[in-house]
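The following exercises introduce a protein structure to a reader who has not met it before. Each task is followed by a solution that proceeds step by step.

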Amino acid sequence: MSAPVQWQRPVVAGVDGSSAALAAVERAAEEAAVHGTSLRLVAAVEWTTYRAIGLPALGEDHLRDVLVTQARGHLETAASQVAALRPELELSTEVVGGAAAAALERESQGASLVVVGGRGAGGFDELLLGSVALALAGRSHCPVAVVRDVAAAVDAPVVVGVDDSADRDDILRLAFTEAAAHGCGLVVVHAWSGAKLDPLALPLLDWSLVESGCDDLVAGWTAPWEKEFPEVSVRRVFVRDGAAGALTRLSENARAVVVGSRGRGAVRGFLLGSVSRALVHHAHCPVVVPTRGPERES
(Lines give C-alpha, C1' and ligand atoms only; values in the text may rest on other atoms or scores of the structure.)
Protein backbone atom coordinates (compact mmCIF):
# COMPACT_ATOMS: atom_id res chain seq x y z
CA MET A 1 0.00 0.00 0.00
CA SER A 2 1.30 3.47 -0.84
CA ALA A 3 1.76 6.24 1.71
CA PRO A 4 -1.29 8.16 2.97
CA VAL A 5 -2.30 11.44 1.42
CA GLN A 6 -0.20 14.32 2.74
CA TRP A 7 -1.84 17.66 3.49
CA GLN A 8 1.26 19.65 4.38
CA ARG A 9 0.99 21.73 1.21
CA PRO A 10 -1.70 24.39 0.77
CA VAL A 11 -5.10 23.97 -0.79
CA VAL A 12 -5.25 26.15 -3.92
CA ALA A 13 -8.43 27.68 -5.34
CA GLY A 14 -8.79 29.36 -8.72
CA VAL A 15 -10.59 32.72 -8.63
CA ASP A 16 -12.13 34.47 -11.65
CA GLY A 17 -15.03 36.47 -10.24
CA SER A 18 -17.72 33.93 -11.12
CA SER A 19 -20.24 32.58 -8.62
CA ALA A 20 -18.90 29.07 -9.25
CA ALA A 21 -15.41 30.26 -8.31
CA LEU A 22 -16.71 31.72 -5.05
CA ALA A 23 -18.36 28.37 -4.33
CA ALA A 24 -15.01 26.74 -5.03
CA VAL A 25 -13.29 29.13 -2.62
CA GLU A 26 -15.79 28.22 0.10
CA ARG A 27 -15.15 24.52 -0.49
CA ALA A 28 -11.39 25.08 -0.57
CA ALA A 29 -11.55 26.92 2.75
CA GLU A 30 -13.46 24.02 4.28
CA GLU A 31 -10.93 21.51 2.97
CA ALA A 32 -7.99 23.55 4.25
CA ALA A 33 -9.63 23.85 7.67
CA VAL A 34 -10.49 20.17 8.15
CA HIS A 35 -7.06 19.07 6.94
CA GLY A 36 -5.18 21.68 8.98
CA THR A 37 -3.36 23.36 6.14
CA SER A 38 -3.22 26.81 4.53
CA LEU A 39 -5.25 28.26 1.67
CA ARG A 40 -3.90 29.96 -1.42
CA LEU A 41 -6.12 31.91 -3.82
CA VAL A 42 -4.90 32.43 -7.37
CA ALA A 43 -6.25 34.60 -10.19
CA ALA A 44 -4.72 34.14 -13.64
CA VAL A 45 -4.32 36.97 -16.15
CA GLU A 46 -3.23 36.24 -19.71
CA TRP A 47 -1.23 39.40 -20.16
CA THR A 48 1.66 37.42 -21.64
CA THR A 49 -0.46 36.02 -24.46
CA TYR A 50 -3.59 38.16 -24.79
CA ARG A 51 -3.66 41.02 -27.30
CA ALA A 52 -6.85 42.75 -28.29
CA ILE A 53 -7.29 43.18 -32.06
CA GLY A 54 -6.15 46.61 -33.16
CA LEU A 55 -4.81 47.54 -29.72
CA PRO A 56 -2.10 50.24 -30.07
CA ALA A 57 1.27 49.38 -28.55
CA LEU A 58 0.92 52.15 -25.96
CA GLY A 59 -2.38 50.62 -24.86
CA GLU A 60 -0.98 47.22 -23.94
CA ASP A 61 0.38 48.31 -20.57
CA HIS A 62 -2.90 50.00 -19.76
CA LEU A 63 -4.86 46.85 -20.64
CA ARG A 64 -2.56 44.77 -18.46
CA ASP A 65 -3.09 47.16 -15.56
CA VAL A 66 -6.85 46.95 -16.01
CA LEU A 67 -6.81 43.16 -16.07
CA VAL A 68 -4.55 42.94 -13.03
CA THR A 69 -6.68 45.42 -11.10
CA GLN A 70 -9.78 43.41 -11.95
CA ALA A 71 -8.11 40.17 -10.86
CA ARG A 72 -7.01 41.74 -7.58
CA GLY A 73 -10.57 42.84 -6.98
CA HIS A 74 -11.77 39.25 -7.47
CA LEU A 75 -9.15 38.06 -5.00
CA GLU A 76 -10.16 40.67 -2.43
CA THR A 77 -13.78 39.56 -2.67
CA ALA A 78 -12.81 35.91 -2.27
CA ALA A 79 -10.45 36.70 0.61
CA SER A 80 -13.23 38.56 2.41
CA GLN A 81 -15.44 35.51 2.01
CA VAL A 82 -12.75 33.30 3.54
CA ALA A 83 -12.19 35.72 6.42
CA ALA A 84 -15.90 35.59 7.25
CA LEU A 85 -16.16 31.80 7.00
CA ARG A 86 -12.78 30.59 8.26
CA PRO A 87 -10.92 33.45 9.95
CA GLU A 88 -8.43 31.03 11.48
CA LEU A 89 -6.96 30.00 8.12
CA GLU A 90 -3.54 31.07 6.96
CA LEU A 91 -4.39 32.76 3.66
CA SER A 92 -2.34 34.02 0.72
CA THR A 93 -3.42 35.51 -2.62
CA GLU A 94 -1.62 36.15 -5.89
CA VAL A 95 -2.26 37.31 -9.44
CA VAL A 96 -0.28 35.09 -11.81
CA GLY A 97 0.36 35.37 -15.52
CA GLY A 98 -0.81 32.98 -18.20
CA ALA A 99 -3.89 31.00 -19.14
CA ALA A 100 -5.91 29.84 -16.14
CA ALA A 101 -5.61 26.10 -16.82
CA ALA A 102 -1.86 26.28 -17.33
CA ALA A 103 -1.39 28.52 -14.29
CA LEU A 104 -3.37 26.18 -12.03
CA GLU A 105 -1.52 23.17 -13.41
CA ARG A 106 1.72 24.84 -12.30
CA GLU A 107 0.18 25.60 -8.92
CA SER A 108 -0.83 21.95 -8.55
CA GLN A 109 2.82 20.93 -8.33
CA GLY A 110 3.01 22.51 -4.87
CA ALA A 111 -0.55 21.91 -3.67
CA SER A 112 -2.40 19.23 -1.71
CA LEU A 113 -5.61 19.95 -3.61
CA VAL A 114 -6.71 22.37 -6.33
CA VAL A 115 -10.33 23.50 -6.22
CA VAL A 116 -12.03 25.10 -9.24
CA GLY A 117 -15.54 26.11 -10.22
CA GLY A 118 -17.46 23.99 -12.66
CA ARG A 119 -18.20 27.06 -14.77
CA GLY A 120 -15.95 30.00 -15.32
CA ALA A 121 -16.62 33.64 -16.10
CA GLY A 122 -16.49 33.16 -19.86
CA GLY A 123 -20.14 33.95 -20.42
CA PHE A 124 -21.13 30.61 -21.94
CA ASP A 125 -23.63 29.51 -19.31
CA GLU A 126 -24.99 26.78 -21.52
CA LEU A 127 -21.75 24.85 -21.18
CA LEU A 128 -22.05 22.31 -18.37
CA LEU A 129 -18.35 22.41 -17.54
CA GLY A 130 -15.82 25.19 -17.85
CA SER A 131 -12.82 24.57 -20.07
CA VAL A 132 -10.46 25.28 -17.17
CA ALA A 133 -12.03 22.62 -14.95
CA LEU A 134 -12.03 20.08 -17.76
CA ALA A 135 -8.41 20.68 -18.70
CA LEU A 136 -7.16 20.75 -15.13
CA ALA A 137 -8.98 17.56 -14.11
CA GLY A 138 -6.97 15.73 -16.73
CA ARG A 139 -3.58 17.38 -16.22
CA SER A 140 -3.16 18.29 -12.55
CA HIS A 141 -0.25 17.01 -10.45
CA CYS A 142 -2.46 16.72 -7.36
CA PRO A 143 -6.14 15.92 -6.69
CA VAL A 144 -8.65 18.33 -8.20
CA ALA A 145 -12.11 19.19 -6.84
CA VAL A 146 -14.62 20.57 -9.33
CA VAL A 147 -17.35 22.57 -7.57
CA ARG A 148 -20.58 24.12 -8.83
CA ASP A 149 -22.36 27.02 -7.21
CA VAL A 150 -24.93 24.75 -5.55
CA ALA A 151 -25.11 23.71 -1.93
CA ALA A 152 -23.67 20.23 -1.37
CA ALA A 153 -25.21 17.92 1.20
CA VAL A 154 -23.48 18.45 4.54
CA ASP A 155 -24.68 15.46 6.60
CA ALA A 156 -24.01 13.02 3.78
CA PRO A 157 -21.38 10.44 2.86
CA VAL A 158 -18.48 10.61 0.47
CA VAL A 159 -19.16 8.41 -2.56
CA VAL A 160 -16.34 6.69 -4.45
CA GLY A 161 -16.37 4.65 -7.64
CA VAL A 162 -13.81 1.83 -7.89
CA ASP A 163 -12.81 -0.82 -10.39
CA ASP A 164 -9.67 -2.87 -11.02
CA SER A 165 -7.75 0.01 -12.61
CA ALA A 166 -4.14 0.67 -11.63
CA ASP A 167 -4.92 3.81 -9.62
CA ARG A 168 -7.53 2.10 -7.41
CA ASP A 169 -5.51 2.62 -4.21
CA ASP A 170 -4.99 6.31 -5.03
CA ILE A 171 -8.76 6.68 -5.35
CA LEU A 172 -9.56 4.77 -2.17
CA ARG A 173 -6.87 6.56 -0.18
CA LEU A 174 -8.29 9.94 -1.08
CA ALA A 175 -11.88 8.84 -0.47
CA PHE A 176 -11.12 7.41 2.98
CA THR A 177 -9.06 10.49 3.87
CA GLU A 178 -11.93 12.79 2.90
CA ALA A 179 -14.52 10.78 4.80
CA ALA A 180 -12.33 10.67 7.91
CA ALA A 181 -11.55 14.38 7.78
CA HIS A 182 -15.23 15.32 7.47
CA GLY A 183 -16.43 12.72 9.96
CA CYS A 184 -18.84 11.07 7.53
CA GLY A 185 -19.46 7.65 6.03
CA LEU A 186 -18.18 6.28 2.74
CA VAL A 187 -20.20 4.60 -0.02
CA VAL A 188 -18.03 2.42 -2.27
CA VAL A 189 -19.62 1.78 -5.67
CA HIS A 190 -18.55 -0.98 -8.05
CA ALA A 191 -20.19 -1.51 -11.43
CA TRP A 192 -20.17 -4.97 -12.97
CA SER A 193 -20.38 -5.14 -16.74
CA GLY A 194 -21.45 -8.09 -18.85
CA ALA A 195 -20.24 -6.45 -22.06
CA LYS A 196 -17.77 -9.27 -22.79
CA LEU A 197 -20.31 -12.04 -22.24
CA ASP A 198 -22.56 -13.64 -24.80
CA PRO A 199 -25.84 -11.65 -24.64
CA LEU A 200 -27.76 -14.93 -24.75
CA ALA A 201 -26.05 -16.00 -21.52
CA LEU A 202 -26.96 -12.92 -19.52
CA PRO A 203 -30.53 -14.02 -18.66
CA LEU A 204 -29.10 -17.28 -17.30
CA LEU A 205 -26.73 -15.63 -14.81
CA ASP A 206 -27.36 -16.01 -11.11
CA TRP A 207 -27.18 -12.34 -10.16
CA SER A 208 -27.04 -13.12 -6.46
CA LEU A 209 -23.81 -15.03 -7.04
CA VAL A 210 -22.42 -12.27 -9.25
CA GLU A 211 -23.24 -9.65 -6.62
CA SER A 212 -21.77 -11.77 -3.83
CA GLY A 213 -18.56 -12.26 -5.80
CA CYS A 214 -18.28 -8.54 -6.55
CA ASP A 215 -18.93 -7.69 -2.91
CA ASP A 216 -16.14 -10.03 -1.81
CA LEU A 217 -13.83 -8.50 -4.40
CA VAL A 218 -14.51 -4.92 -3.31
CA ALA A 219 -14.28 -5.90 0.37
CA GLY A 220 -10.77 -7.16 -0.34
CA TRP A 221 -9.88 -3.85 -1.99
CA THR A 222 -11.19 -1.75 0.88
CA ALA A 223 -10.03 -3.95 3.79
CA PRO A 224 -6.56 -2.35 4.19
CA TRP A 225 -8.09 1.13 4.15
CA GLU A 226 -10.84 0.19 6.60
CA LYS A 227 -8.10 -1.01 8.94
CA GLU A 228 -6.22 2.30 8.56
CA PHE A 229 -9.41 4.37 8.95
CA PRO A 230 -11.53 2.41 11.48
CA GLU A 231 -13.63 5.51 12.21
CA VAL A 232 -15.06 5.52 8.68
CA SER A 233 -18.31 3.59 8.23
CA VAL A 234 -18.27 1.84 4.84
CA ARG A 235 -21.22 0.74 2.71
CA ARG A 236 -20.60 -1.18 -0.51
CA VAL A 237 -22.95 -0.78 -3.47
CA PHE A 238 -23.08 -3.10 -6.49
CA VAL A 239 -24.60 -1.92 -9.79
CA ARG A 240 -25.03 -3.60 -13.14
CA ASP A 241 -23.34 -1.49 -15.83
CA GLY A 242 -23.86 2.25 -15.82
CA ALA A 243 -21.19 3.38 -13.33
CA ALA A 244 -21.58 7.00 -14.44
CA GLY A 245 -25.35 6.95 -14.07
CA ALA A 246 -25.22 5.25 -10.67
CA LEU A 247 -22.61 7.68 -9.33
CA THR A 248 -24.58 10.65 -10.66
CA ARG A 249 -27.72 9.46 -8.87
CA LEU A 250 -25.83 8.90 -5.62
CA SER A 251 -24.28 12.35 -5.92
CA GLU A 252 -27.70 13.87 -5.21
CA ASN A 253 -27.14 13.04 -1.56
CA ALA A 254 -23.36 13.10 -1.23
CA ARG A 255 -20.77 15.41 0.25
CA ALA A 256 -18.46 14.63 -2.66
CA VAL A 257 -17.88 11.98 -5.31
CA VAL A 258 -14.34 10.65 -5.75
CA VAL A 259 -13.65 9.11 -9.14
CA GLY A 260 -10.48 8.16 -11.01
CA SER A 261 -9.19 10.29 -13.83
CA ARG A 262 -8.70 7.29 -16.10
CA GLY A 263 -10.78 4.17 -16.33
CA ARG A 264 -9.96 0.78 -17.78
CA GLY A 265 -11.11 1.52 -21.32
CA ALA A 266 -9.16 0.56 -24.39
CA VAL A 267 -8.06 4.09 -25.24
CA ARG A 268 -5.59 4.88 -22.45
CA GLY A 269 -4.43 8.13 -24.02
CA PHE A 270 -7.52 10.12 -23.06
CA LEU A 271 -6.66 12.58 -20.30
CA LEU A 272 -10.02 12.09 -18.62
CA GLY A 273 -11.94 8.81 -18.65
CA SER A 274 -15.57 8.57 -19.74
CA VAL A 275 -16.93 8.02 -16.20
CA SER A 276 -14.94 10.87 -14.65
CA ARG A 277 -15.87 13.16 -17.55
CA ALA A 278 -19.56 12.32 -17.11
CA LEU A 279 -19.36 12.97 -13.35
CA VAL A 280 -17.69 16.36 -13.63
CA HIS A 281 -20.38 17.31 -16.14
CA HIS A 282 -23.45 16.02 -14.33
CA ALA A 283 -22.80 15.33 -10.62
CA HIS A 284 -24.93 17.20 -8.09
CA CYS A 285 -22.03 17.69 -5.66
CA PRO A 286 -18.29 18.42 -5.86
CA VAL A 287 -16.31 15.85 -7.82
CA VAL A 288 -12.80 15.03 -6.62
CA VAL A 289 -10.37 13.50 -9.10
CA PRO A 290 -7.11 12.11 -7.67
CA THR A 291 -5.29 12.93 -10.88
CA ARG A 292 -1.79 11.87 -11.62
CA GLY A 293 0.27 14.48 -13.44
CA PRO A 294 1.45 13.99 -17.00
CA GLU A 295 4.94 13.08 -15.86
CA ARG A 296 3.47 9.94 -14.23
CA GLU A 297 1.43 8.76 -17.16
CA SER A 298 2.17 5.31 -18.48
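**Exercise 1.** Which residues does threonine 248 touch, not counting residues up to four places away in sequence?

*Solution.* The model under study is predicted. Begin by locating the residue: threonine 248 belongs to helix 7, which covers residues 243–250. Next, consider its accessibility. The relative accessibility of threonine 248 is 16%, and the cut-off for a buried residue is under 20%; threonine 248 therefore counts as buried. Finally, list its partners: threonine 248 touches Leu279, His282 and His284 when residues up to four places away in sequence are left out.

**Exercise 2.** Determine how many salt bridges a search of the whole structure finds, and describe those within helices.

*Solution.* The search of the whole structure yields 8 salt bridges. One of them joins arginine 27 to glutamate 31, with 3.3 Å between the closest N and O atoms. Both residues are in helix 1 (residues 19–35), where they stand 4 residues apart, about one turn of the helix. Arginine 27 and glutamate 31 are both buried.

A further salt bridge connects the side chains of arginine 173 and aspartate 170, at 3.1 Å from N to O. This pair lies in helix 5 (residues 168–182), with a separation of 3 residues, about one turn of the helix. Arginine 173 and aspartate 170 are likewise buried.

**Exercise 3.** Examine the salt bridge between aspartate 215 and arginine 236. Which parts of the structure does the pair tie together?

*Solution.* The side chains of aspartate 215 and arginine 236 meet at 3.0 Å, N to O. Aspartate 215 is located in helix 6 (residues 207–228) and arginine 236 in strand 8 (residues 234–240), so the salt bridge ties together parts 21 residues apart in sequence. As to accessibility, aspartate 215 has a value of 29% and counts as partly exposed. Arginine 236, at 33%, is also partly exposed.

To complete the survey, note a network of salt bridges that links Arg40, Glu94 and Glu107.

**Exercise 4.** In what order do the strands of the open sheet lie, and which strands form its edges?

*Solution.* The open sheet consists of 10 strands with mixed pairing, in the order 3-2-1-4-5-10-9-6-7-8. Its edges are strand 3 (91–97) and strand 8, each of which pairs on one side only. From one strand to the next, the twist averages 25°.

One pairing may be examined in detail. Strand 6 (residues 158–161) and strand 7 (residues 186–192) run parallel and are joined by 4 bridges. Valine 160 stands opposite valine 188, a residue of strand 7.

A helix is then added to the picture. Helix 4 (residues 131–139) packs on the sheet and touches strand 4 (113–117), strand 5 (144–147) and strand 10 (287–289). The direction of helix 4 makes about 155° with that of strand 4.

**Exercise 5.** Which elements of the protein have the lowest and the highest mean pLDDT?

*Solution.* First, take the protein as a whole: its average pLDDT is 80, and 74% of the residues score at least 70. Second, compare the elements: helix 4 has the lowest mean, 78, while strand 1 (residues 11–14) has the highest, 96. Third, inspect the stretches of low confidence. Residues 1–5 have a pLDDT below 50, and this stretch has 12 contacts in the model beyond near neighbours in sequence. For residues 122–129 the pLDDT stays under 50, and the model has 12 contacts for them beyond four places in sequence.

Terms used: Residues numbered from 1 in each chain as written. Heavy atoms only, no water. Salt bridge = Lys/Arg side-chain N within 4 Å of Asp/Glu carboxyl O. Helix = DSSP H or I, 4+ residues; strand = E, 2+ residues; numbered from the N terminus. Buried < 20%, exposed > 50% of the residue type's maximum accessible area, 1.4 Å probe, protein only. Pairing = 2+ DSSP bridges. Axes fitted to C-alpha atoms, helices over the stretch in contact; angles between N-to-C directions. Contact = heavy atoms within 4.5 Å. pLDDT = per-residue confidence, 0-100.
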